[in-house]
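Visitor: I would like to study this structure step by step. May I put some questions to you as we look at it together?

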Amino acid sequence: MASSKELGAAAEPATKEERKKSKKRSTDEATKDSEAKPLKDKDAKKSKRSKDDKPTKDKDAKKSKKSKDDKPTKDKDAKKSKKDKSRTDAISKESDGHAGDSAGSDQEVAALPPADVPIDGLLRFPDFSRQQALSSESALEAARMGIPHWLAHPATVDRNVTAPVADPRFALSSHSIACCEKAGISTFFAVQAAVIPVLRVAHSLSKMRRHVRDLCVSAPTGSGKTLAFVLPIVEKLKSRVVVRLRALVVLPTKDLARQVMECFELFSAGTDLRIGLATGDVSLAKEQAALTDQSTPLAGGCSLVDILVCTPGRLIDHITLTPNFTLQHLEFWVLDEADRLLGEVYQDWLPKVQSFIETVTPSPETLASSNAIPVPDACTLRDPDSNLDLLARPPPRIQKLLFSATLTQDPAKIARLKLVRPLYIAITDEGKVSDTTSAAPNYVFPSTLTEYYATCPIEEKPLWLIYLLWKENISGGVCFTKSLETAHRLAQVVQAWALGVTDNAWRGNKIVVAEYSSDLPATERTRIMRLFKQGGISLLICSDIIARGMDIDQVSTVINYDVPTHMNQYTHRVGRTARAGREGSAYTLVGSTQMFHFKKMMIECQHWDGHLSLIKPNKDMLETLRGHYKEALEKVDTIYS
Ligand SMILES: Nc1ncnc2c1ncn2[C@@H]1O[C@H](COP(=O)(O)OP(=O)(O)OP(=O)(O)O)[C@@H](O)[C@H]1O
């Protein structure tokens, strides 16, 4: 693939006004820095120390590629694991005493043993590099915005942190380690290295329930958030005796739910755990039969699955319609793509689930009036009065786990979840201090992502897309449009063009373009996706159907045909490439009249200078392509007329 240089790319020169603004920004940052000096000084030393024993990002990327591509020898492995260990050791030493905590719970955390003292056979590992310290001005601003203390002070973890899967401090069973090996995973990414120990410790100390605290995790796209919750949940539940619904994982779309279920299946293979899927892909009756035993109504419910992966709509269906469906025994409640789930579209599902959980204990009157058989052992009383009985077995605390690449900081939205002693973990660039004084998320992009933009007349966008396809010899591309209609029409034009080009044998390898849309039947979508993964399709043209969460290794390039209107949309779209340490490119075709808004959005999110490069196309080539493009347009117009 051509580099930006070859394309004649050059960063657009900043205007005077921008230069002024950027200068002001750096002055502001400098002021902030001087205010936070004591911590910074300490941090600088830390960072120097960690830099010394840390390879560069490039080296890291190569290393991760290498470890995936070819199997290292035993010797190499041993060296690498030693190196990784020293690195994680360094991190855990650096971070002593900086464990993040919510307001009001600092004392409890202080009461915990230091990091190197084992608790119940486990170590508190790794601690977080540091809890973000805000300048007093920023802290005041956060408070003024109503942003709770814990949300304004994330425990930040450097995205380059890695740790070997077999490190005894993760306390993973040989089963989990073997599953990781089978999946080609020898090293945990930063989000996994940070989250897995927190969950492992919390649940190994289930008797000391104060350790079970809710988690909000923000990490870039493709950074491995799924495994960060899948592995500890499987690890905790695989020794269960009776089947009960103990983990609920909610995702915004069917495709995402299926993807996460497959991950659970992969990492629970060889255990007795049963994973259920409720997305509405099959009839409600079929789903009901798979989720519960409905032969006898039981007050304690009768689940046939231990883990349920579902979409919010279908979850509500089961809550209201499925006999013996209960959330009484829930221990984990995961909201993946949490910001989307907390959004307006699903506004009423959340309170419904909350109240179902809170009122799961049937009163004696309800029990008497219903046919449900109360089996004392099978009922979990979340009734606060039951806690008065000191000898009674305490009900499991439901641990809420929120994950997203664009986690909202909107206090009103977060408050709806009624989080308990939440801990906010943010995976960031080393040294980058996130802005926690606004409700907008902090945007962190994969370090292996290269971003470009091109300005062109709006009516010529299809030609420019063709130019990119041709010039960059794109294979494994995904092109996002704003609507199904645009995707459909664009796919037809580009297909017609590709046919013309192929007929003319301009290029040896065929360019194959396909539309991927929610309008297509599920079987057709599966077929197209399979073909794409096999390399039989060069470009998928779609609306935002796969913009979030979808993990497709083969995506090397993302093209924003229509400019994203919000930074969240941009982040998730471009995040379909450059995943798990792989390289990837993103192109945005910006119409001349859209430039102002696009640039403004990027600047506001501090993602302009030094992040995106301008592409200036080769005019001769563009003109050569124009002829075939016009022919393609005419062909499509005749179909429509
Ligand atoms: N430790 C690891 N080593 C190698 N590959 C990994 C590791 N952890 C996860 N992966 C791979 O990285 C890819 C991305 O993971 P995942 O889908 O969990 O990302 P994500 O953070 O949820 O992204 P998004 O925000 O886009 O949903 C997956 O293909 C997964 O198999």
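Visitor: How many helices and how many strands are there in the chain?
Guide: The model before us is predicted. Its chain has 641 residues, and 43% of them count as buried. The elements in the chain number 23 helices and 18 strands.

Visitor: What percentage of the contacts in the chain with a separation of 6 or more comes from residues 24 or more positions apart?
Guide: The contacts considered here are those with a separation of 6 or more. Within that set, the share of residues 24 or more positions apart is 82%.

Visitor: Which element supplies the largest share of the shell around the ligand?
Guide: The shell holds 19 residues, and those that come nearest to the ligand are Thr 221, Gly 224, Lys 225, Thr 226 and Ala 580. At least two shell residues are supplied by each of β4 (187–188) and α10 (225–237). The largest share is three residues, and the element that supplies them is α10.

Visitor: How do the residues of the shell around the ligand divide into nonpolar, polar and charged?
Guide: There are 19 residues around the ligand to sort. By class they divide into seven nonpolar, nine polar and three charged.

Visitor: Is Ala 580 buried, partly exposed or exposed?
Guide: Ala 580 lies in the loop between α21 (567–574) and β17 (584–591). Its phi is positive, near 50 degrees, although the residue is not a glycine. Most residues other than glycine have a negative phi. Because 16 other C-beta atoms lie within 10 Å, and a residue needs 20 or more to be buried and 12 or fewer to be exposed, Ala 580 is partly exposed.

Visitor: Glu 337 also has a positive phi. Is Glu 337 buried or exposed?
Guide: Glu 337, with phi near 55 degrees, is placed in the loop between β9 (332–336) and α14 (338–341). Since 23 other C-beta atoms lie within 10 Å, and 20 or more are enough, Glu 337 is buried.

Visitor: Which residues does Val 334 touch, not counting those up to four places away in sequence?
Guide: Val 334 is in strand β9, and it counts as buried because it has 23 C-beta neighbours inside 10 Å. Its C-alpha atom is separated by 5.9 Å from that of Lys 400, 66 residues apart along the chain. With residues up to four places away set aside, Val 334 touches Phe 229, Val 249, Val 250 and Leu 401.

Visitor: At what angle do helix α13 and helix α15 pack?
Guide: Helix α13 covers residues 312–321 and helix α15 covers residues 349–358; their axes are 10 Å apart. The crossing of α13 past α15 is left-handed. The angle is about 35 degrees.

Visitor: Which residues of α15 are met by α13, and how does the contact divide by class?
Guide: On the α13 side stand Pro 312, Leu 315, Ile 316 and Ile 319. They meet Trp 349, Lys 352, Val 353 and Phe 356 in α15. By class, this contact has seven nonpolar, no polar and one charged residues.

Visitor: Which residues does Leu 468 touch, not counting those up to four places away in sequence?
Guide: Leu 468 lies in helix α18 (residues 461–471), and it counts as buried because there are 25 C-beta neighbours inside 10 Å. Leu 468 and Leu 622 are 154 residues apart in sequence, yet their C-alpha atoms are 9.7 Å apart in space. The residues that Leu 468 touches are Ile 474, Ile 559 and Tyr 587.

Visitor: How far does helix α20 reach from its first C-alpha to its last?
Guide: Helix α20 runs over residues 522–533, which makes 12 residues. It is followed by Gly 535, whose phi is positive, near 90 degrees. At 1.5 Å a residue, a span of 16 Å is expected, and the reach of α20 is close to this, at 16 Å.

Visitor: Is Ile 528 buried, partly exposed or exposed?
Guide: Ile 528 is found in helix α20, where it touches Ala 514, Tyr 516 and Ile 537, not counting residues up to four places away in sequence. It has 19 other C-beta atoms within 10 Å, and because 20 or more are needed to be buried, Ile 528 is partly exposed.

Visitor: What distance separates the C-alpha atoms of Lys 635 and Thr 279?
Guide: Lys 635 lies in helix α23 (residues 619–640), and it counts as partly exposed because it has 16 C-beta neighbours inside 10 Å. Lys 635 and Thr 279 are 356 residues apart along the chain, and their C-alpha atoms are separated by 40 Å.

Methods
Residues are numbered from 1 along each chain as its sequence is written. This is a predicted model: local features need pLDDT of at least 70, side-chain atom pairs count only at pLDDT 80 or more; totals for chains, interfaces and linings use all residues. A residue is near a molecule or strand if its C-beta atom, placed from the backbone, lies within 6 Å of it. Helices (H or I, at least four residues) and strands (E, at least two) are DSSP runs, numbered from the N terminus. Ala, Val, Leu, Ile, Met, Phe, Trp, Tyr, Cys and Pro count as nonpolar, Asp, Glu, Lys and Arg as charged, and the others, Gly among them, as polar. The expected span of a helix is 1.5 Å times one less than its number of residues. Two residues are in contact if their C-beta atoms, placed from the backbone, lie within 7 Å. Axes are lines fitted to C-alpha atoms, for helices over the stretch in contact, and angles run from 0 to 180 degrees between N-to-C directions. A crossing is left-handed if the near helix is turned anticlockwise from the far one by less than a right angle, and right-handed if clockwise.
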